[in-house]
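Me: Please take a close look at the sheet in this model. I would like to know how its strands are arranged and what the side chains do there.

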Amino acid sequence: MTRVLALITMSLVLVVISAILLFILYLCNIDYSYKIQESKYQDCDIETKVTERCYVKYFDGTYIEIEVEPGESFHVYECWADGQLLGEYISKEGKSYYITHGYITVQKTSGEELKQLVKSMNDNIEKLENERAVIRVIIPGVLILLFAGVVWVSWKLLRRHHVSK
């Protein structure tokens, strides 16, 4: 009878430990997802020059396509990990255009600081992804070991109980 109670107790403890570990896995996944999402863009204040001809669209009631020539300056306010930039382009006529991401990328500028910023963001994202992958392996691994241990102990207890009869 005490062995049966021990098995029931171990099973309940295993269920509680499993629930706690799964909750920890869930929290870690949410935390890392948030950190990765946060690392995908960064505010900055960098002046750079365009090295390739680009076309940007500006909306002032209708969409107007503006050609940006190589050598023209572009002020960057935000940079994305995929190299897309947000900022302000000032035309030769002195008119200011707010540029949304997708029109000008880091690869089309001479900004080494921007290129380093994108590289560091991507390195940080890769590091966070690797850490999350390790956690996704360790916690289920611990659960498998716990289940295997409980099954092994239960088998030993039942075997002793069966042999003692």
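Reply: In this predicted model, four strands form an open sheet, and their order is 1-4-5-6 with antiparallel pairing. Strand 1 (41-49) and strand 6 (96-99) are the edges; each has a single partner strand, so one side of each is left without a neighbour in the sheet. On average, neighbouring strands of the sheet are turned by 15° against each other, with direction ignored.

The partner of strand 1 is strand 4 (residues 73-80), and the two are joined in the antiparallel sense by seven bridges. Within this pairing, Gln42 has Cys79 of strand 4 as its bridge partner.

Side chains also link these two strands. A search of the whole structure gives three aromatic pairs. One of them is Tyr41 with Trp80: the ring centres are 5.2 Å apart and the planes stand at 40°. An angle under 30 degrees would count as stacked and one over 60 as edge-to-face, so this pair is tilted. Because Tyr41 belongs to strand 1 and Trp80 to strand 4, the pair ties together parts that are 39 residues apart in sequence.

Are the two residues buried or exposed? The limit for buried is under 20% relative accessible area, and exposed begins over 50%. Tyr41, with 37%, is therefore partly exposed. Trp80, at 23% relative accessibility, also counts as partly exposed.

Technical notes. Residues are numbered from 1 along each chain as its sequence is written. This is a predicted model: local features need pLDDT of at least 70, side-chain atom pairs count only at pLDDT 80 or more; totals for chains, interfaces and linings use all residues. Side-chain values use heavy atoms; hydrogens and water are left out. Two strands pair if DSSP finds at least two bridges between them. Axes are lines fitted to C-alpha atoms, for helices over the stretch in contact, and angles run from 0 to 180 degrees between N-to-C directions. Rings of Phe, Tyr and Trp (its six-membered ring) pair if their centres lie within 6.5 Å; planes under 30 degrees apart count as stacked, over 60 as edge-to-face and the rest as tilted. Buried means under 20% relative accessible area, exposed over 50%, partly exposed in between (1.4 Å probe, protein chains only).
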